[in-house]
Amino acid sequence: MSAEKTKGWRASVPFLRVSATKVRRVADNVRRKPYVEAMALLGVLPHKGARLIGKVLQSAAANALAANKELDEGRLYVKELLIDVGPTMKRMWTRGRGRADRLLKRSCHISVVAVSLKNKDTEEKANGSEG
């Protein structure tokens, strides 16, 4: 995670019971896309991670629209989408002949930052990457 705070509207959900690698597979398709396009893409993907990321992204958009009444959904885009590894629950899986294997139930944390496209343009001009 970056040390500096990113400006924008945030939403996060900790301790989701799904592996971070499975959610990252979906997150890579959605990162740095407009909000409307990202939600449309998440709606058609069959993965559990798509449904979970969609809920967090929808929450970030709701935070943005509640904070700024003049803002439109069409001007939002996904600036940051972080999938961090959460704690792993260790369980015993009984096997034949009195043996046991470890069953690892992994979890993850999802964090989203949504910003207005107007802010994106001004950031690019400030960084000098436009032109």
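This passage describes a three-stranded sheet and the helices packed on it in a predicted model. Local features require pLDDT of at least 70 and side-chain atom pairs pLDDT 80 or more, while totals for chains, interfaces and linings use all residues. Numbering starts from 1 along each chain as its sequence is written, and side-chain values use heavy atoms, without hydrogens or water.

Helices (H or I, at least four residues) and strands (E, at least two) are DSSP runs, numbered from the N terminus. The sheet is open, with 3 strands in the order S1-S5-S2 and antiparallel pairing; strands pair if DSSP finds at least two bridges between them. S1 (9-16) and S2 stand at the edges with a single partner strand each, so one side of each lacks a neighbour in the sheet. Neighbouring strands are turned by 15° against each other on average, direction ignored. S1 and S5 are joined antiparallel over 6 bridges. Tryptophan 9 has alanine 114 in S5 as its bridge partner.

H3 packs on this sheet and touches S1, S2 and S5 (contact: heavy atoms within 4.5 Å). Its direction makes about 150° with that of S1. Axes are lines fitted to C-alpha atoms, for helices over the stretch in contact, and angles run from 0 to 180 degrees between N-to-C directions. H1 lies across S2 and S5, at about 165° to S2.

In H1 (residues 20-30), Ala20, Val23, Val26, Ala27 and Val30 are buried (under 20% relative accessible area; exposed, over 50%; partly exposed in between; 1.4 Å probe, protein chains only). These residues fall within an arc of 130° seen down the axis, so they line one face of the helix. The arc is taken from the directions from the helix axis to the C-beta atoms. Their cover includes H2 (35-44), H3 (48-67), S2 (76-85) and S5 (108-116). Thr21, Lys22 and Asp28 are exposed on the other side.
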